[in-house]
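Trainee: Could you walk me through how to read ring contacts and a sheet?

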Amino acid sequence: GGGEGGGGMITKSIQHMKEEETGTTPARTRKTASRITAAIPTKIVDMGIEQQQDTLMQQQQQQSTFSFPIQVICSSPSSSSSTTLDDTSTITTNTADEIQEQSRKIISSWYKHFMESTSFFQRDPNDASKFTIPLFGRTTVTLSEQVLLPEGGGGEGSPVEFRIHVDGTPEKDYAMLCAKMYESLQEYKKKECSAPATVTIHDGYLKDVVKKYFQNVEPHPGYDAKISSDSWPSCSTIEESIILNQDDDNVSPILDRLMENGYVTIETNVKTTPFEMVALSNLLTSKTTQEQSVRSDTVAFIDWDMARQCGIEKQFRLLMGMADYLNRKLPWDSMRTGYKPIFPATEEYPLTNPANIQIASYGCGEFYVPHSDNLLLMQNKSGGDDDESGRSRFVRSNYRQYTCILYCNDDWDFKVHGGALRIYPGTTEMTDPMSVKGRQNMPYEDINPTNGKLLIFDSRLVHSVEKVLDPHRKRVAMTVWINRPEDSGVSVDIWNENEGRVEWYRLF
């Protein structure tokens, strides 16, 4: 997260699927890859497969064809019982054959929903066990089955092993597919009921693949700011938006304050109307995925099409035009860092755009603790992350350079309504943002989030959103994070071990 809301590319082809997961694709194509809607009549226990996993991982390092097991074992209840798999089918689990059939129905139900979970998967009309991923080139995924009979024939509780075959995909795209498949299975396992039969699904190989690839990845480098700013029709210039109501004859003093202080506030003529606020409220339905003790706002990510539907084209244009504007106006020759820019950034135009903007709404009692949008982290991992002297080194947590926030709140007074953006100057090198609260005489400035105010600040600065006090009002802000992607060694761990999922939003 960072700013008011909210590590390189795995490959170009999988980026679109990551964006879908984090809300950066149009609403008309966005679905949740882990969504499982059928009722599950079993308690599913994760045990994992230990045998041959290391061998499988080594053999498949450079291959374009992969195959791995998902083993399902059904145990029989003490007596027959009837359980419902979905709205149309009911089975009775009291014989070995019926137990095996239950295994098939369970894994087939999950696999069907997984195939339908995203528009990037295309099912084979002639084979229910197969789908393709055009975004990955010629990638084909197939489900096969084998009943593992003990010596001497079948028996009650004989396991059913399903194998997933992935053909024609690069190794890293394969890792992406494994991540989405693993997340989908974890969601499936969370659905429990009182049925006496028990199903054990062994999927440890998937977990190993996901952990390997997503504990240390580069952030997304963003998109060309010039192309992005040219993409918005009838885009007014930044000067037209920010010079109105300014005493300055030009914008140089504004940029001077940004470079000197690390932040600047600008009164603009881009204000959000009550009608637009209502339209935005219809999008604000999801709480942040971060801990409620850290932040408690409601957020939404919107693209150009969604901005048009809400009538906030001007706001979107202003925020998405800032990267190109700063590329053209700031003295980048004197702001070199010693690192090479990562495409699409260049030395002349080092800033890039994200795919969308974020809307964040804070109600009464809601807040965001002190944090940095691009925190300084210590790297001390095996494999060469130490500097040449052998000591641990510090790197940034992402590529964010500037955070731009446009506020939407009429007649707001933070002394009455709360909700100030509290910013702490001179904290770009701080590694523990929460420590600002324990320091005496720590200087800060409270920014009043009034309608039309634009705040631009160095994303490394520590800041917070103070608690909203008014029970009758929502504090709304629009945020864009402008990137400066460089080969500085930035990487992020987007694997959440405790929850068993990949946190895709951390890439952006």
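Mentor: Happily, and let's begin with a charge over a ring. This is a predicted model, and in it the charged end of R400 sits over the ring of W481, 4.2 Å from the ring's centre. R422 likewise lies over the face of Y444, with 4.1 Å to the ring centre.

Trainee: How should I describe two aromatic rings, and how many aromatic pairs are there here?

Mentor: A pair of aromatic rings is described by the distance between the centres and the angle between the planes. Here the count comes to 10 aromatic pairs. Take W110 and Y111: their ring centres are 6.0 Å apart and their planes meet at 55°, so this pair is tilted. W110 counts as buried because its relative accessibility is 0%, and Y111 is buried too, at 2%.

Trainee: What kind of pair do F114 and F131 form?

Mentor: That one is edge-to-face, with 6.2 Å from centre to centre and 70° between the planes. F114 belongs to helix α3 (residues 96–115) and F131 to strand β6 (residues 127–133), so the pair ties together parts 17 residues apart in sequence. Both F114 and F131 are buried. Stepping back, W110, Y111, F114, F121 and F131 form one aromatic cluster.

Trainee: Now the sheet: in what order do the four strands of the open sheet lie?

Mentor: The order is β16-β23-β20-β21, and the pairing is antiparallel. At the edges are β16 (368–372) and β21 (445–447), each pairing on one side only. From one strand to the next, the twist averages 20°.

Trainee: Which residue of β23 stands opposite H371?

Mentor: H463 does. Three bridges join β16 to β23 (residues 462–465), and these two strands run antiparallel.

Conventions:
Residues are numbered from 1 along each chain as its sequence is written. This is a predicted model: local features need pLDDT of at least 70, side-chain atom pairs count only at pLDDT 80 or more; totals for chains, interfaces and linings use all residues. Side-chain values use heavy atoms; hydrogens and water are left out. Two strands pair if DSSP finds at least two bridges between them. Axes are lines fitted to C-alpha atoms, for helices over the stretch in contact, and angles run from 0 to 180 degrees between N-to-C directions. Rings of Phe, Tyr and Trp (its six-membered ring) pair if their centres lie within 6.5 Å; planes under 30 degrees apart count as stacked, over 60 as edge-to-face and the rest as tilted. Buried means under 20% relative accessible area, exposed over 50%, partly exposed in between (1.4 Å probe, protein chains only). A charge sits over a ring if NZ of Lys or CZ of Arg is within 6 Å of the ring centre and within 35 degrees of the ring normal.
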